[in-house]
Amino acid sequence: MIKKDHKNDDESDQEKEWKFDKRKVRCYNCQKFGHFAKECWSGDGAKNKPKNRAHLAQDDTSDSEAVMLMARISCEDAADTAWYLDSGCSTHMTGRKEWFVKMNEAANGRIKFADNRSLVAEGSGRVVLRGNDGREVVIEEVLYVPGLKTNLISLGQLLQKGFVVTMKNNCLSIFDQNKQLVVSASLAKNRTFRVVMEAVKHQCFSMTRNGSEWLWHLRFGHLNFRDLSRLSQCTMVKDLPHIRVPETVCKECVECKQTRNSFQEVLPQKSAAKLDVIHSDVCGPMQVDTPGGSRYFVLFIDDWTRKAWIYLLKRKGEVLDVFKKFKNMVERQCGQKIKKLRSDGGGEYTSSEFRRYCEDTGIVQEITPPYTPEHNGTAERKNRTVLNMVRCMLKSKSLPKYLWGEAAVTATYILNRTPTKRLKAITPEEAWSNEKPSVSHLKVFGSVCYKHVPDQQRRKLDDIGVSLILVGYHTTGGYILFEPKIGQVVVSRDVVVDEITDWN
């Protein structure tokens, strides 16, 4: 027989009598409800502040004060290369400036934490990460927040850009728009999703000052590495070091070069010498005018040597005048006459004035049938290649689109010094001039340049150098430079080129 303990019953009744709702308790430290001051961890007067906890951070400029991240401010066991996948973080963040391969320091703001501390974001840019399996991931719009101890990847930002996030069996996986796995993380003991990925600094957009393959990739206007390697191995140009084809891809090339099936040669090649056949095509109108007011460009391509010449046009009606200048120049250079001109049926080529000029000069016009650009495949492909390079060159240096004309002229200049399928072990420039071209003068299009100011154009205390943008190469051996503030183009040989810095 068990004797009932009335003393315990009395204590239980006493506990029930003093039981209260803690949610009504107000803290004297932070003035918030739900805890006592001795339990508070918020503010400068916190007495119970844990050493390893999560902080809520908010965007100080947000009207809705949406939570930006759940950041682990101090974690002794966290690796420097660890990134936390956070659904409560609205923006990717890191405190490691050296990891950025490209940054816009003008993109800044203030990050405010729940304990009234705040950090300042001093830029936003691109970070390239490599996982343990060797896969590389490009993370855009990452905030640089000095003092932030944890690297954060925003799931919300990835979802907004079309990525797919799945969670199954305590594993979080992220897939890109093509349903390819980007990264996968298992649930850790502290109930966070943590993945270790090291920063990569060898991409073309994080090039170094040495003669690396990525630097030459940019100098050649994002030329594919297969042709760039051929140039080096076959010694088709002078002053080009050995080029190793990397395993990674160029982001600008992927975004700006659309893959299409190549045109098939419909018409047979009948040229046996220079100027036997000239291919031509007009491209445009473009979205914006160049500083000189041009909206089109026309290409002339020699079938035998595959060398190309480009002219910028304000309107299509200028094609005949440009063709006359082109004809006089090339015929004087090689001592032969243009025999045949192949083009599409555009009105700029089929006008009575153009036909009459060809008849008077003995040039045979070959007009391709309507809606069959394949018949003019040489010119069509060259147009496509030039535009692909223009998009890459402008995008990689964040240049305005109105510089497309200078980029197109530079792209044509570079293509004349690159391999083609028609020629074996020589470039179009060598096939035309019988001289192996040098590429030691090539620099990255859009680089910041410091031009020497002559004594006659400055006073004693004025700067000796002025910063401009490199937009091309002059026939005299100098560089073509652009001053965006006044829209002026100058030519100079006395130039110091910074191929890494972008123009702000």
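**A walk through the predicted model**

At 70% relative accessibility, N169 counts as exposed, and this residue is a convenient place to enter the structure, which is a predicted model. N169 sits in the loop between β11 and β12, and its phi is near 55 degrees, a positive value in a residue other than glycine.

The strands on either side of that loop belong to an open sheet of three strands, arranged in the order β11-β12-β13 with antiparallel pairing. The edges of this sheet are formed by β11 (164-168) and β13 (181-186), each of which pairs on one side only. Averaged over the sheet, and with direction ignored, neighbouring strands are turned by 15 degrees against each other. Between β11 and strand β12 (residues 171-175), the antiparallel pairing runs over five bridges, and K168 stands opposite C171 in β12. In general, strands of a sheet pair through backbone hydrogen bonds, either parallel or antiparallel.

Other parts of the backbone also deserve attention. E141, which lies in strand β9 (residues 136-144), has a positive phi of about 55 degrees although it is not a glycine. With a relative accessibility of 42%, E141 counts as partly exposed, because the exposed class begins only over 50% and the buried class lies under 20%. Further along the chain, the peptide bond from G284 to P285 is cis, with omega near 0 degrees, and P285 is found in the loop between β16 (278-283) and β17.

From the backbone we can turn to the helices, beginning with α6 (residues 319-334), whose 16 residues reach 22 Å from the first C-alpha to the last, close to the 22 Å expected at 1.5 Å a residue. The buried residues of α6 are V319, L320, V322, F323, F326, K327, V330 and E331. Seen down the axis of α6, these buried residues fall within an arc of 150 degrees, so they line one face of the helix. On the other side of α6, K325 and R332 are exposed. Just after α6 comes G335, which takes a positive phi of about 75 degrees.

Helix α10 (residues 404-415) can be checked in a similar way: at 1.5 Å a residue its twelve residues should span 16 Å, and the C-alpha atoms at its ends are 16 Å apart, which agrees. This helix is mostly covered, since ten of its twelve residues are buried. Among them are W404 at the start of the residue range and L415 at its end, together with residues such as E406, T410 and I414.

Charged side chains give another way of following the fold, and a search of the whole structure finds 18 salt bridges. One of them is local: D227 forms a salt bridge with R230, the closest N and O atoms being 3.9 Å apart. Both residues lie in helix α4 (residues 225-233), where they are three residues apart, about one turn of the helix. D227 is buried, with a relative accessible area of 10%, whereas R230 is partly exposed at 27%. The two residues are also part of a network of salt bridges that links R226, D227 and R230.

Where does the salt bridge between R422 and D303 make its link along the chain? The side chains of R422 and D303 meet at 3.4 Å, N to O, and the pair links distant parts of the chain that are 119 residues apart, with R422 in the loop between α10 and α11 (428-433) and D303 in the loop between β17 (296-302) and β18 (308-313). The partners have unlike surroundings, as R422 is partly exposed, with a relative accessible area of 30%, while D303, at 1% relative accessibility, counts as buried.

A further salt bridge connects E366 with R342, and here the closest N and O atoms are 2.8 Å apart. E366 lies in strand β20 (residues 364-367) and R342 in strand β19 (residues 340-343), so this pair ties together parts that are 24 residues apart in sequence. R342 has a relative accessibility of 4% and therefore counts as buried.

Note on methods:
Residues are numbered from 1 along each chain as its sequence is written. This is a predicted model: local features need pLDDT of at least 70, side-chain atom pairs count only at pLDDT 80 or more; totals for chains, interfaces and linings use all residues. Side-chain values use heavy atoms; hydrogens and water are left out. Helices (H or I, at least four residues) and strands (E, at least two) are DSSP runs, numbered from the N terminus. The expected span of a helix is 1.5 Å times one less than its number of residues. Buried means under 20% relative accessible area, exposed over 50%, partly exposed in between (1.4 Å probe, protein chains only). A salt bridge is a side-chain nitrogen of Lys or Arg within 4 Å of a carboxyl oxygen of Asp or Glu. Two strands pair if DSSP finds at least two bridges between them. Axes are lines fitted to C-alpha atoms, for helices over the stretch in contact, and angles run from 0 to 180 degrees between N-to-C directions. The arc is that of the directions from the helix axis to the C-beta atoms.
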